Amino acid sequence: DDILAFIALDMRPFTVIEGEGFQKLMKTLEPLYTIPTRETILTEISHKYAMVKTRVFNLIKQCTAVSFTTDIWTSFRMEAYMTVSCHLITEDWRLENYVLETKELAETAIYTAANISERLSQVVDAYEIPPRKRLAVVHDNTANMVLCIERLQIEEPWE
């Protein structure tokens, strides 16, 4: 579990466990420990992802309102991504924040308000968040984002 946390929290590639430096470190810390294979790590991370997604899904179902943040950003490799995060307060008054999705946008996609609002709606619908729970969307002030939110209000009013 600690290796999974290391990979996930530090956003390391699965192949980090195959690196000479990592293997030497593990031999120094725990000489008898057998490092799991990349396939094992991938399986365990997929399982952990499913568990966390179910937990987030259930928290969203139980809360009364959800706010969102969204942004389109570009990686060092000039690949465009859209991230959608949600923010909610649990029944015991804890603030919870989760990234619902970070997805690469196709090179051919035009970042119009229509395309952005469609992607945002798909993410919100995937988590079955009804309009009555959708409180607000925080975004940068670019024209396409402003128009995106206006479109969402017209198409399916958010509270």
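**Briefing: cores, helix H1, salt bridges and a surface patch**

Ile89 counts as partly exposed because its relative accessibility is 44%; buried means under 20% relative accessible area, exposed over 50%, and partly exposed in between (1.4 Å probe, protein chains only). This is a predicted model, where local features need pLDDT of at least 70, side-chain atom pairs count only at pLDDT 80 or more, and totals for chains, interfaces and linings use all residues. Residues are numbered from 1 along each chain as its sequence is written, and side-chain values use heavy atoms, with hydrogens and water left out.

**Surface patch**

- Ile89 sits in strand S2 (residues 80–89). Helices (H or I, at least four residues) and strands (E, at least two) are DSSP runs, numbered from the N terminus.
- Ile89 joins Trp93 and Leu95 in a nonpolar surface patch. Together the three have about 400 Å² of accessible area.
- Patch residues have over 30% relative accessible area and no salt bridge; like charges are joined within 9 Å, nonpolar side chains (Val, Leu, Ile, Met, Phe, Trp, Tyr) within 5 Å. Areas come from the Shrake-Rupley method with a 1.4 Å probe; for residues, only the protein chains shown count as cover.

**Nonpolar cores**

- The largest nonpolar core has 27 residues. Ile60, Phe68, Cys86, Leu100 and Leu120 have the most contacts inside it.
- At least two residues of this core come from each of helix H3 (38–62), strand S1 (66–74), S2, strand S3 (95–104), helix H4 (113–126) and helix H5 (143–155).
- A core here is a set of buried Ala, Val, Leu, Ile, Met, Phe, Trp, Tyr and Cys residues joined through side-chain atoms within 4.5 Å.
- Ile60 contacts Val66, Cys86, Leu88, Leu100, Tyr127, Ile129 and Lys133, leaving aside neighbours within four places in sequence. Contact means heavy atoms within 4.5 Å.
- Another core, of seven residues, lies apart from the largest one. Among its members are Leu4, Ile17, Phe22 and Met26.

**Helix H1**

- In helix H1 (residues 2–9), the buried residues are Ile3, Leu4 and Ile7.
- These buried residues fall within an arc of 100° seen down the axis of H1, so they line one face of the helix. The arc is that of the directions from the helix axis to the C-beta atoms.
- The buried residues of H1 pack against helix H2 (20–29) and H3.
- Asp2 and Leu9 are exposed on the other side of H1.
- Met11, just after H1, has a positive phi of about 50°.

**Salt bridges**

- The count is five salt bridges, each a side-chain nitrogen of Lys or Arg within 4 Å of a carboxyl oxygen of Asp or Glu.
- Arg134 pairs with Asp125 at 3.2 Å, N to O. Arg134 is buried, with a relative accessible area of 2%. Asp125 is partly exposed at 43%.
- Asp92, Arg94 and Glu96 form one network through salt bridges that share partners.
- Within it, Arg94 meets Asp92 at 3.2 Å, N to O. The closest N and O atoms of Glu96 and Arg94 are 3.4 Å apart.
- Arg94 is partly exposed at 39% relative accessibility, whereas Glu96 is buried at 11%.

**The loop between H1 and H2**

- Glu18 lies in this loop and is partly exposed, with a relative accessible area of 41%.
- Glu18 touches Gln23 and Arg38, not counting residues up to four places away in sequence.
- Glu18 and Ile35 are 17 residues apart in sequence, and their C-alpha atoms are 8.7 Å apart in space.
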